[in-house]
Amino acid sequence: MGAVFLKLLNMGITASWLILAVLLLRFLLKKAPKWISCLLWALAALRLICPISVESRLSLIPSAETLPQTVMTGNSFQVNTGLNAVDAAVNTYLGDHYYEGVSVPADYGNTVLNLLGFLWLLGVMALVTYSTVSYLRLRRHVSAAIPFKESIWLCDYIKTPFILGAFRPRIYLPSDLTETQRSHVLAHERAHLKRRDHWWKLLGFGLLTVYWFHPLVWRLPPGLRGNRCERADSLRAEL
Amino acid sequence: MTDGKLGVVESRFADLIWANAPIASGELAKLCEKELTWKRTTTYNVLRKLCDRGIFKNENGTVKVVVSREDFYAAQGETLVDEAFDGSLPAFLAAFTRRKALSADDIAKIREMIDSAGEV
């Protein structure tokens, strides 16, 4: 458990560099084509998902393993951020203030990480439960719907249209739309489906469930989502 | 839906009941499963909503009609004429015929209604 969490921590920290880069880039280049930021988000997501890291001299990321394995096995806590100044400062500070005159038990690092890993798992389970319950409640809310055509359903009890389901997505429309409103809404929702937005949303949510402790990851989904609606509209305009 | 109107889904459901009442609730659930692909719980939920609105009632497992389809839509029509045309039926007809002319059949029927109404 501790080992898993340690790996996640390291991956998370590495990805942070990428996420910060995206946020900075989006702030500086507001007019840049959206595909650039999509690409960077994709790289960050990839770093979060893939446990195998490729060490490259060309990499701008300082270190792939900020918290080395010795944190678990050794009785010391040394960081390896890849930035010498930071490493020196942190390690010296910890050495001076935490380990002097204190006898640290041999597997202290291991114990702490196992505990943190356990807490992490609790968080994951809480999020999974919450999302499952929300999904089921939404499903139940739209159960009283009638099919319109293909996988489009009309429902009396919803106020806004939406897509539900990742693998066999259904478009739910409020039943009181005029024909023109309906055709516009359908074009918009179909554009979303064409860009597979329902899959990205699922992915974003999966990442969040695993990396719930990482504050920057909470910035990911809105970044994707904000892009998505505008792009769906522009795609629809092109169609 | 609000103020007594039936939504598209609710009217499909209500039409099923009006066409088949009185009907055992279990039978109704089966019918909705066939016609609308609804689960049993969904059928019961919407049924409860319509019973609360006073259109149907569920007596010991049998679904019965309280307000018939004609009465229901008559009331809707009255509300429409009241709200949109200040209760003036001629105004309603004028608006109705502005875009679609009356057919000969319509005219005959309306004349008949006027004649028999005059006799009351």
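**Entry 1: where the chains meet**

I began with the two chains of this predicted model, and I found that eleven residues of chain B are in contact with nine residues of chain A. I then looked up which elements of chain B give two or more residues to the side that touches chain A, and these are helix H1 (8-20) and helix H3 (40-52) of chain B. The largest share of that side comes from H1(B), which gives four residues. Sorting the side of chain B that touches chain A by class, I noted five nonpolar, three polar and three charged residues.

**Entry 2: domains of chain B**

Staying with chain B, I looked up its domain assignment, which gives domain 1 (8-69) and domain 2 (88-120). The centres of these two domains of chain B, taken over C-alpha atoms, are separated by 34 Å.

**Entry 3: the sheet of chain A**

I turned next to chain A, where four strands form an open sheet in the order S1-S2-S4-S3, with mixed pairing. Which strands stand at the edges of this sheet? They are S1 and strand S3 (162-164) of chain A, and each has a single partner strand, so one side of each is left without a neighbour in the sheet. From one strand to the next, I noted that the twist averages 35°.

**Entry 4: strand by strand**

I followed the pairing of strand S1 (residues 145-149) of chain A with strand S2 (residues 152-155) of chain A, which run antiparallel and are joined by four bridges. Within this pair I located Ala145(A), which stands opposite Cys155(A) in S2(A). S1(A) and S2(A) form a hairpin with two residues between them, and in the turn I found Glu150(A), whose phi is positive at about 50°.

How do S2(A) and strand S4 (residues 170-174) of chain A run, parallel or antiparallel? They run parallel, and I noted that four bridges join them. Here Leu154(A) stands opposite Leu173(A) in S4(A). As a reminder to myself, I wrote down that in a regular strand the side chains alternate between the two faces of the sheet.

**Entry 5: a helix across the strands**

Last, I looked for what lies across these strands, and I found helix H6 (residues 179-194) of chain A, which lies across S2, S3 and S4 of chain A. Taking S4(A) as the reference, I noted that H6(A) runs at about 155° to this strand.

How values were computed. Residues are numbered from 1 along each chain as its sequence is written. Chains are lettered from A and ligands numbered from 1 in the order in which they are written. This is a predicted model: local features need pLDDT of at least 70, side-chain atom pairs count only at pLDDT 80 or more; totals for chains, interfaces and linings use all residues. Two strands pair if DSSP finds at least two bridges between them. Domain bounds come from an automatic or database domain assignment. Two residues are in contact if their C-beta atoms, placed from the backbone, lie within 7 Å. Ala, Val, Leu, Ile, Met, Phe, Trp, Tyr, Cys and Pro count as nonpolar, Asp, Glu, Lys and Arg as charged, and the others, Gly among them, as polar. Axes are lines fitted to C-alpha atoms, for helices over the stretch in contact, and angles run from 0 to 180 degrees between N-to-C directions.
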